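I opened this entry to look up how the interior of the chain is put together, and then to follow one charged residue and its surroundings.

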Amino acid sequence: MTELPSLAEVMRDHKVSRGVALRAFGVLRQDGLAEPAPGERWRVVRSGARVERRPLDERIADIITTEGLKVGEAFPSASALADRFGVSRPTVTKALDKLEAAGVLAGGRQGKVRTVRAVPAREGRS
């Protein structure tokens, strides 16, 4: 997907206020033409393209079930997940921290490999 200019670039290039630039992005979103990408800039949505709208931590948790990981098995690294989902490592780290807090993953600090602590229930996922 093509990234749009940053909010600051729109404000500078078109000599508009922050409010006007935000409203412009809002109109693009409302019309289904663009969307904010977590940890990235806004991007153009291609017509007919399926866009995953669930939070990153839910999509990462799905790896456990889709790849058949068992409790105690190693989980992919933050770098591998960042590449896989096309987001920054800090964004992935925040999602992994949520999964650790929820008791789904364990470890992952100071060179330790994260492991699966529990298989997440698929109920309540849309």
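I looked first for the largest nonpolar core in this predicted model, and found that it has 18 residues, with I60, I64, F75, L81, V92, L96 and L105 making the most contacts inside it. Helix 3 (56-66), helix 4 (78-85) and helix 5 (89-101) are the elements that each give two or more residues to this core, and helix 3 supplies the largest share, 5 residues. I then took L81 and listed its contacts beyond four places in sequence, which are I60, I63, F75, P76, V92 and L96. I also noted a second, separate core of 6 residues, among them L7, V10, F25 and A34.

Next I checked how helix 3 and helix 5 are placed, and their axes come within 9 Å and cross at roughly 70 degrees. Since angles of 65 to 115 degrees count as roughly perpendicular, I entered helix 3 as roughly perpendicular to helix 5. On the helix 3 side I found L56, D57, I60 and A61, which meet T91, V92, A95, L96, K98 and L99 of helix 5; by class, this contact has 7 nonpolar, 1 polar and 2 charged residues.

Last, I asked whether R114 is buried or exposed. R114 lies in the loop between strand 3 (105-106) and strand 4 (115-116), and I recorded it as buried because its relative accessibility is 10%, where the cut-off is under 20%. Its side chain is joined to that of E100 by a polar contact of 2.7 Å, and, beyond four places in sequence, R114 touches residues including F75, L96 and L105 as well as E73 and D97.

Technical notes: Residues are numbered from 1 along each chain as its sequence is written. This is a predicted model: local features need pLDDT of at least 70, side-chain atom pairs count only at pLDDT 80 or more; totals for chains, interfaces and linings use all residues. Side-chain values use heavy atoms; hydrogens and water are left out. Helices (H or I, at least four residues) and strands (E, at least two) are DSSP runs, numbered from the N terminus. Buried means under 20% relative accessible area, exposed over 50%, partly exposed in between (1.4 Å probe, protein chains only). A polar contact is a pair of N or O atoms within 3.5 Å; within protein, one must be able to donate a hydrogen and the other to accept it, and residues adjacent in sequence count only if both atoms are side-chain atoms. Contact means heavy atoms within 4.5 Å. A nonpolar core is a set of buried Ala, Val, Leu, Ile, Met, Phe, Trp, Tyr and Cys residues joined through side-chain atoms within 4.5 Å. Axes are lines fitted to C-alpha atoms, for helices over the stretch in contact, and angles run from 0 to 180 degrees between N-to-C directions. Angles under 35 degrees count as roughly parallel, over 145 as roughly antiparallel, 65 to 115 as roughly perpendicular and the rest as oblique. Ala, Val, Leu, Ile, Met, Phe, Trp, Tyr, Cys and Pro count as nonpolar, Asp, Glu, Lys and Arg as charged, and the others, Gly among them, as polar.
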